[in-house]
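Student: Please take a single part of this model and go through it slowly, naming the elements and residues involved. I would like one connected account rather than a list.

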Amino acid sequence: MDAVLDRIDHDPELKVVSQDTEISTSKRPSRAEAEAAVRTLIRWAGDDPTREGLIDTPKRVTKAYEEFFEGYDQDPEEILARTFDEVAGYDDMVVLRGIRVESHCEHHMVPVQGTAHVAYMPNGSVVGISKLARIVETYSKRLQTQETMTAQIADAIEKYLDPKGVAIVIDATHQCMSCRGVKHQNVYTITRQFRGCFKEADQERRFWDLVRG
Ligand SMILES: [Zn+2]
C-alpha cells in the first residue's frame, strides 16, 4: 500500500483528482466503504445491486480483493531473511521454473495471468526455494505492470540475497488486451531482467536451457 500512496504523493495529477473528489488517500477505506464502492460499480455497469443474485456480491468482491492484493501486506525482506550456508559446496544456479503468476493490470484492474521463471546464482548461501515463489506473489498480488513487477522481483532478490546474479522471465497474457478494445487473442507478453553474472552470454544460455527443459 505504501508504494501506491507514495506514487500518489509524488504525482501532482493524481493528487488534484483525489482533492476534487474528496477521496482520502491517506488511509485504507473501511470494509463498508469498499462494499459501497462495489455497489456503485454494479450500478455503473447497469444492474441493480439490491437484486437477490447481487446482494452479497460486494461482500464477495471485497473478500476476493483481499486475496488478489495480499502482496501489499507482504514484506520481501522478511521473506528472504532466512538463508542457509550448509550446501556442501553447491555453487551453481538455482532455477524455479513455471511459477504461476496471477496479477492485475494497474490500468484496467483486470487479470494478468502467466508464468515466471526465477533464477539466482548463490553467493555462498541459499534461500528456501518456496521463498522465491513467495517473492513472485508479493509483487504480483498488487496492481501492476508486468515490466514493474519483473524489475521489483529482481531488485528484491538482489537486495536481500546479494547473489552473484539473478534472472527473471515472466510470460503472461493480459485480459485487457484480449477482452476489451482491440481484442488481441493469444498474445503473450514476455518481460525479463538479467542481472550480475546472468548478463554473460553463456550463463544466460544455460538459464534458457534449464527453463526450456
Ligand atoms: Zn490493462
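Tutor: Since a helix will be described relative to strands, one convention comes first: axes are lines fitted to C-alpha atoms, for helices over the stretch in contact, and angles run from 0 to 180 degrees between N-to-C directions. The model is a predicted one, and the part I shall look at is its sheet, with the hairpin and the helix that belong to that picture.

The setting is a protein chain whose secondary structure comes to 9 helices and 7 strands. Within it, 5 strands form an open sheet in the order S5-S2-S3-S6-S7, and the pairing is mixed. The edges are taken by S5 (143–144) and S7 (189–196), and because each of these has a single partner strand, one side of each is left without a neighbour in the sheet. As background, strands of a sheet pair through backbone hydrogen bonds, either parallel or antiparallel.

In the order of the sheet, strand S3 stands between S2 and S6, and I would read the pairing outward from S3. Towards S6, the strand of residues 165–174, S3 (residues 111–121) pairs in the antiparallel sense over 10 bridges. Two residue pairs let you place this register in the viewer: methionine 121 stands opposite glycine 165 of S6, and alanine 119 has alanine 167 of S6 as its bridge partner. Towards S2, the pairing of S3 is again antiparallel, here over 9 bridges, and histidine 104 finds its bridge partner in proline 111 of S3. As for burial, S3 is mostly covered, with 8 of its 11 residues buried, whereas in the protein chain buried residues make up 23% of the 213 residues.

The hairpin of S2 and S3 has 5 residues between the strands, and one of its features is methionine 109. Methionine 109 is not a glycine, yet its phi is positive, at about 60°. Its place is in the loop between S2 and S3, and it counts as partly exposed because 13 C-beta neighbours fall inside 10 Å, a residue being exposed at 12 or fewer and buried at 20 or more.

A useful comparison lies on the other flank of S2, in the loop between strand S1 (83–84) and S2, where alanine 88 has its place. Alanine 88 likewise takes a positive phi, near 55°, in a residue other than glycine. Its surroundings hold 5 C-beta neighbours inside 10 Å, and therefore alanine 88 counts as exposed.

There remains the helix that meets these strands. Helix H9, residues 201–212, lies across S2 (94–105), S3, S6 and S7, and it runs at about 75° to S2. Read together with the strand order, this means that the edge strand S5 is not among the strands named for H9, while the edge strand S7 is.

To place the sheet in the wider chain, consider contacts between residues at least 6 apart in sequence: 67% of them join residues at least 24 apart. In summary, S3 is flanked by two antiparallel partners, S2 over 9 bridges and S6 over 10 bridges, and H9 lies across these three strands together with S7.

Technical notes:
Residues numbered from 1 in each chain as written. Predicted model: local features only at pLDDT ≥ 70, side-chain atom pairs only at ≥ 80, totals over all residues. Pairing = 2+ DSSP bridges. Helix = DSSP H or I, 4+ residues; strand = E, 2+ residues; numbered from the N terminus. Contact = placed C-beta atoms within 7 Å.
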